[in-house]
Amino acid sequence: MSIRPSIKPILPEQVQSLQKIMRNTYLDHYQYLWEDQGEHYIGQLTQLSVLQKNLADPNQAFYFSYNNEGEIAGFMKLFLDSPVPEDSRQNAACLDKIYLMANATGQGLGKQLMEKGFAQARALGRQWMWLRVMESSEEIQEFYRRAGFEITSTADLNLQYMKPEYRKIHTMVKEL
């Protein structure tokens, strides 16, 4: 019997699985941004106390993406009520993270997660979805453009250990 890819909410008791997949997926794709290969940044994001607090926050929603073998292939994090920054669009949700394992990209799993995020935002009556994407991540920007997102602003990140040449980040917005 074949298992199909699926998306399931992340439960509080899965916090260690979330910690592991966050770390692995981030480091699969973004080590190049950092003087320390992202260790400080991802270490801050993946502290168990931080993740437990995030999972308990009713404004945040987390989902695992499972591949054809039933293994966790990635995850998504949403902020369900999050106005677009530096913008007049208030009735919005934020697609904060879609991270997939390097061997899971190109299989439609990211698109499935994104569609799940759109559906959840629409069900809450949100008019807009927004996200941030690194300027250096051109393939990921194109993925979001194909889904209808447009760049609305660019900012500089001032994060410890981030290489200066990679500090630009775009805000992209899509009307739902």
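## A predicted chain of helices and strands

Ser137 touches Tyr30 and Tyr32, when residues up to four places away in sequence are left out of the count. This residue of the predicted model lies in the loop between strand E5, residues 128-134, and helix H5, residues 138-146. With a relative accessibility of 7%, Ser137 counts as buried, because buried means under 20%.

### The chain as a whole

Five helices and seven strands make up the regular elements of the chain, and they follow one another along the sequence in the pattern β-α-α-α-β-β-β-α-β-α-β-β. For 176 residues, a compact globule would have a radius of gyration near 16 Å, and the chain, with 16 Å, agrees with that value. Taken along the principal axes, the box filled by the C-alpha atoms is roughly 45 × 40 × 30 Å.

Of the 176 residues in the chain, 42% are buried. The accessible surface comes to about 9,500 Å², and carbon and sulfur atoms account for 47% of this surface. Among the contacts between residues at least 6 apart in sequence, 64% join residues that are at least 24 apart. The chain carries 19 positive and 21 negative charges, and the mean positions of these two sets are 5 Å apart.

### Helix H4 and what surrounds it

Helix H4 covers residues 109-123, which is 15 residues, and from its first C-alpha to its last it reaches 21 Å, close to the 21 Å expected at 1.5 Å a residue. The buried residues in H4 are Leu109, Gly110, Leu113, Met114, Gly117, Phe118, Gln120 and Ala121. An α-helix has 3.6 residues a turn, so residues three or four places apart point the same way. After H4 comes Gly125, whose phi is positive, near 80 degrees.

Two of the buried residues of H4, Leu109 and Leu113, are also among the contacts of Ser65, a residue placed in strand E2, residues 60-66. Ser65 has 0% relative accessibility and therefore counts as buried. Leaving out residues up to four places away in sequence, Ser65 also touches Ser6, Glu71, Ile72, Ala73, Gly74 and Phe75. Although Ser65 and Pro5 are 60 residues apart along the chain, their C-alpha atoms are separated by 7.2 Å.

What does Met101 touch, leaving aside its neighbours within four places in sequence? Its contacts are Ile21, Asn24, Thr25, Asp28, His29 and Ala73, and Ala73 is also listed among the contacts of Ser65. Met101 lies in the loop between strand E4, residues 92-100, and H4, and its relative accessible area of 19% makes it buried, because the cut-off is under 20%. Met101 and Ala121 are 20 residues apart in sequence, and their C-alpha atoms are 25 Å apart in space.

### Thr154 in strand E6

Thr154 is also one of a pair 20 residues apart in sequence, the other member being Met134, and here the C-alpha atoms are 9.3 Å apart in space. Thr154 is found in strand E6, residues 150-156. Is Thr154 buried or partly exposed? At 43% relative accessibility, Thr154 counts as partly exposed. Apart from residues up to four places away in sequence, Thr154 touches Lys168, Ile169 and His170.

### Two loop residues with positive phi

Most residues other than glycine have a negative phi. Gln37, however, has a positive phi although it is not a glycine, and Tyr161 likewise has a positive value in a residue other than glycine. Gln37 is found in the loop between helix H1, residues 15-30, and helix H2, residues 39-45, while Tyr161 lies in the loop between E6 and strand E7, residues 168-175. The table sets out their values.

| Residue | Phi | Relative accessibility |
|---|---|---|
| Gln37 | about 60 degrees | 40%, partly exposed |
| Tyr161 | near 75 degrees | 34%, partly exposed |

Key
Residues numbered from 1 in each chain as written. Predicted model: local features only at pLDDT ≥ 70, side-chain atom pairs only at ≥ 80, totals over all residues. Heavy atoms only, no water. Helix = DSSP H or I, 4+ residues; strand = E, 2+ residues; numbered from the N terminus. Expected span 1.5 Å × (residues − 1). Buried < 20%, exposed > 50% of the residue type's maximum accessible area, 1.4 Å probe, protein only. Rg over C-alpha atoms; globule rule 2.2 N^0.38 Å. Contact = heavy atoms within 4.5 Å. Areas by Shrake-Rupley, 256 points an atom, 1.4 Å probe, with all protein chains shown as cover. Lys, Arg positive; Asp, Glu negative; His and termini not counted. Charge placed at Lys NZ, Arg CZ, Asp CG, Glu CD.
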